[in-house]
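Let's take a walk through this protein together, starting from one residue and working outwards. Keep the viewer open and follow along as we go.

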Amino acid sequence: MKVSTSRFGTIDVSEEEIVQFDEGLLGFGDYHRYVILNANNQNNSPFRWLQCLDDGNLAFVIIEPLNFMFEYDIEISDSDQEFVGLTRSEDAIIYTIVSIPANAQDMTANCQGPLLINVVNRKGRQIISSNPRHSIKTKILQEMQIRARKIQELNKSLNLKGGKD
């Protein structure tokens, strides 16, 4: 199917690529069909576009939380799992919606209202995290720095332990 979008022009989308959000997204309940596109046609970017197929003017920048955070603990309720038909955790992917203000250094991710997608049947739902550490305005670049520092500390620790065997 061909879809006209304001950001990407006309794109070709196969039925297998469509992610169905039966309830829509918070504030966008009338829009149900989306496709996930690579940002700037670059596979190495952690950012993606969630392009609405019901309205070519509607698209969201999204990112997987573990691409910028060291840890992201979220409990997915039984009702959310059932809603998207999830039977195995490895079939789930979580994205957060990114807000990019005029100063891109201040971009944030909504970690309190992530998107849960079943990659097998392509059903999605915006869920609500009950984790008090999750914010609707998690600073992405700040979290990336924390993540890099923790990974560096972990690698250093492993290298020290590796030399003692």
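In which strand does T96 lie? T96 lies in strand β7. Keep in mind, as you look around, that this is a predicted model. T96 is a good place to begin: with a relative accessible area of 0%, T96 counts as buried, because buried means under 20%. Leaving aside residues up to four places away in sequence, T96 touches V61, I62, I63, P65, F68 and Y72. Its contacts also include A109, N110, C111 and P114. One of these partners, C111, is itself buried, with a relative accessible area of 0%.

Now move along to V98. Again not counting residues up to four places away in sequence, V98 touches F47, V61, I62, I63, M107, T108, A109 and I140. So which residues touch the most other members of the largest nonpolar core? They are V13, F47, F68, V98, L116 and I140, out of 26 residues in that core. Two or more residues each come from β4 (33-38), β5 (47-52), β6 (59-63) and β7 (92-99). Of these elements, β6 gives the most, with three residues. There is also a second, separate core, made of 14 residues, and among them are Y34, L58, F60 and I97.

Let's turn to the aromatic rings. How many aromatic pairs does a search of the whole structure find? The search finds three. In one of them, F8 and W49 meet edge-to-face, with 5.6 Å centre to centre and 80° between the planes. F8 lies in the loop between β1 (2-5) and β2 (9-12), while W49 is in strand β5, so this pair ties together parts that are 41 residues apart in sequence. Are these two residues buried or partly exposed? F8 counts as partly exposed, at 29% relative accessibility, whereas W49 is buried, with a relative accessible area of 18%.

Another pair is formed by F21 and Y34. Their ring centres are 5.5 Å apart and their planes stand at 90°, so this pair is edge-to-face. F21 sits in the loop between β3 (19-20) and β4, and Y34 in strand β4, so the pair ties together parts that are 13 residues apart in sequence. Both F21 and Y34 are buried. You have already met Y34, as one of the residues in the second core.

Rings can have charged company too, and F83 is the place to look. The charged end of K123 sits over the ring of F83, 5.4 Å from the ring centre. The charged end of R125 also sits over the ring of F83, 3.9 Å from its centre.

What about the cysteines? A disulfide is a covalent bond between the sulfur atoms of two cysteines. This structure holds zero disulfides. C52 is buried, with a relative accessible area of 0%, and C111, the partner of T96 from the start of our walk, is buried with a relative accessible area of 0%.

To finish, go back to the beginning of the chain, where β1 and β2 pair. In which sense do they pair, and over how many bridges? The pairing is antiparallel, over four bridges. A hairpin joins β1 to β2 through three residues, and K2 stands opposite D12 in β2. The loop between these two strands is where F8 lies, and from there F8 forms its edge-to-face pair with W49.

Notes
Residues are numbered from 1 along each chain as its sequence is written. This is a predicted model: local features need pLDDT of at least 70, side-chain atom pairs count only at pLDDT 80 or more; totals for chains, interfaces and linings use all residues. Side-chain values use heavy atoms; hydrogens and water are left out. A nonpolar core is a set of buried Ala, Val, Leu, Ile, Met, Phe, Trp, Tyr and Cys residues joined through side-chain atoms within 4.5 Å. Buried means under 20% relative accessible area, exposed over 50%, partly exposed in between (1.4 Å probe, protein chains only). Contact means heavy atoms within 4.5 Å. Rings of Phe, Tyr and Trp (its six-membered ring) pair if their centres lie within 6.5 Å; planes under 30 degrees apart count as stacked, over 60 as edge-to-face and the rest as tilted. A charge sits over a ring if NZ of Lys or CZ of Arg is within 6 Å of the ring centre and within 35 degrees of the ring normal. A disulfide is a pair of cysteine sulfur atoms within 2.5 Å. Two strands pair if DSSP finds at least two bridges between them.
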